[in-house]
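Open the model in your viewer and keep the sequence panel beside it. Each stop below says what to select and what is there.

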Amino acid sequence: MSDLPSSPVSCKSPRVTIVGAGRVGSTLAQRIAEKNLADVVLLDIVEGMPQGLALDLLEARGLELHNRQISGTNNYADTANSNIVVITAGFPRKPGMSRDDLLKINAKIVVEAAKNAIAHSPHAIFIVVTNPLDVMTYLTWQVTGLPRNQIMGMAGVLDSARFETFIALELGVLPADVKAMVLGSHGDLMVPLARYATVNGIPITELLDAEKIEQLVQRTRNGGAEIVELMHTGGAFFAPASATSLMVESILLNQSRLLPVAAYLQGEYGLNDVVIGVPCRLGCGGVESILELTLNDTEKAALQTSANSVSNNIKRAQEILSNIGDW
């Protein structure tokens, strides 16, 4: 057999590390593999759990018709050279808890995860899912020292999907025909923009009265808590995994999709040194640009209130970490 010249094209598959192999993390691994987007490394502190989940997913490859490599580990060294690192590790909400109640518990977990992950993947793009999401994304940006385009939080994609779902249910229309945009923090102070919500291009303000729209807005703000209250022993994971998967897809395939994500702002929307949900173009460089929408006075005030709350919680988190010697 004659030798052929080697190809200059790299055959290496993209790699996504998911820190935290709980319900969100394991479902996300399934989404990424079955979409054939990348090889996946599942990392968790619980010995055997990520390995078992990875093996389970591997055994489904022939049935799902993909050949992605999926591995589980408790060692960050096994995550080396990841293109994307997704942090889902942390404690979930319980009934009656707000996302901010998780601040003290999850700040330490996320900071340690970010430090360990970047040590082995210094050029990775980070997506943060752990709550309180905006604060955790800021801490990840701060401890990794990465450019702001490489750090983002999954929030607006999920919140917008919830808003779209409730609109579709109310109107009895195809969910795919509904488009919505939710800005602000991932919590009670999020800012669903009813003016920008449409059904096949028709504003919902032409289809629903103001009272009904406000009910849908409030249900969107309470979307995560509603699921927590129903389940009693956990929170949402299918939709958060799908939302994160969409972000991963846009980055790895360089789709330049316009999506609402939690990004670090330096003057956009009149806000500085804060992470908040805004419309961004996501491509192979991460956050490639931030779109500044024209907001009315009410929307501007709501976004400012949301940002102020995040800023206050960032300071609280930094104080907590300083007191326990992790800052």
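The tour runs from the whole chain to single residues, then to the empty spaces.

**Before you start**

This is a predicted model, so local features need pLDDT of at least 70, side-chain atom pairs count only at pLDDT 80 or more, and totals for chains, interfaces and linings use all residues. Residues are numbered from 1 along each chain as its sequence is written, and side-chain values use heavy atoms, with hydrogens and water left out.

**Stop 1: the whole chain**

Show the protein chain as a cartoon. Ten helices and 14 strands make up its secondary structure. Helices here are DSSP runs of H or I with at least four residues, strands are runs of E with at least two, and both are numbered from the N terminus. The radius of gyration is 20 Å, close to the 20 Å that the globule rule gives for 327 residues, so the chain is as compact as a globular protein of that length. That radius is taken over C-alpha atoms, and the globule rule is 2.2 Å times the number of residues to the power 0.38. Along the principal axes, the C-alpha atoms fill a box of roughly 75 × 50 × 40 Å.

Now colour by accessibility. Of the 327 residues, 50% count as buried. Buried means under 20% relative accessible area, exposed over 50%, and partly exposed in between, with a 1.4 Å probe and protein chains only. Contacts are next: of those with a separation of 6 or more, 69% join residues 24 or more positions apart. A contact means heavy atoms within 4.5 Å.

**Stop 2: the aromatic rings**

A pair of aromatic rings is described by the distance of the centres and the angle of the planes. Rings of Phe, Tyr and Trp (its six-membered ring) pair if their centres lie within 6.5 Å; planes under 30 degrees apart are stacked, over 60 edge-to-face, and the rest tilted. The whole structure holds four aromatic pairs. Select Tyr-138 and Tyr-264: their ring centres are 6.0 Å apart and their planes are at 45°, so this pair is tilted. Tyr-138 belongs to helix α5 (residues 133–144) and Tyr-264 to strand β12 (residues 257–266), so the pair ties together parts that are 126 residues apart in sequence.

Are these two rings buried or exposed? Tyr-138 counts as buried at 4% relative accessibility, and Tyr-264 counts as buried at 8%. Add Trp-141 to the selection: ring pairs link Tyr-138, Trp-141 and Tyr-264 into a cluster.

**Stop 3: backbone oddities**

Go to Asn-131 and Pro-132. A cis peptide bond joins them, with omega about -5°. Pro-132 sits in the loop between β5 (125–128) and α5.

Next, pick Asn-36, in the loop between α1 and β2 (39–43). Its phi is near 60°, a positive value in a residue other than glycine. Asn-36 is partly exposed, at 43% relative accessibility.

Then jump to Tyr-269, in the loop between β12 and β13 (272–283). Phi of Tyr-269 is also positive, near 60°. Tyr-269 is buried, with a relative accessible area of 14%.

**Stop 4: a point on a helix**

Select Ala-119 in helix α4 (residues 103–120). It counts as exposed, at 59% relative accessibility. Draw a line to Ser-26: the C-alpha atoms are 23 Å apart, and the two residues are 93 apart in sequence.

**Stop 5: the empty spaces**

Rolling a probe the size of a water molecule over the atoms shows where empty space is left. On a 1 Å grid over the protein atoms alone, a cavity is a set of points where a 1.4 Å probe fits but cannot get out; a pocket is an open set with protein on both sides within 12 Å along at least five of seven lines; lining residues have an atom within 4 Å of a point. Grid points are joined across faces, edges and corners, and a volume is the space filled by probe spheres set on the points.

The largest pocket has a volume of about 970 Å³. Of its 42 lining residues, Thr-88, Ala-89, Gly-90, Phe-91 and Pro-92 lie nearest its centre, so select those. The elements that give two or more residues to this lining are α1, α4, α6 (156–171) and α8 (223–231). Helix α4 gives the most, with five. By class, the lining has 22 nonpolar, 14 polar and six charged residues. Ala, Val, Leu, Ile, Met, Phe, Trp, Tyr, Cys and Pro count as nonpolar, Asp, Glu, Lys and Arg as charged, and the others, Gly among them, as polar.

Finish at the cavity. The count is one of 30 Å³ or more, and the largest has a volume of about 30 Å³. Its lining includes Gln-30, Leu-57, His-66 and Ile-70. Helix α1 (residues 23–34) gives the most to that lining, with three residues.
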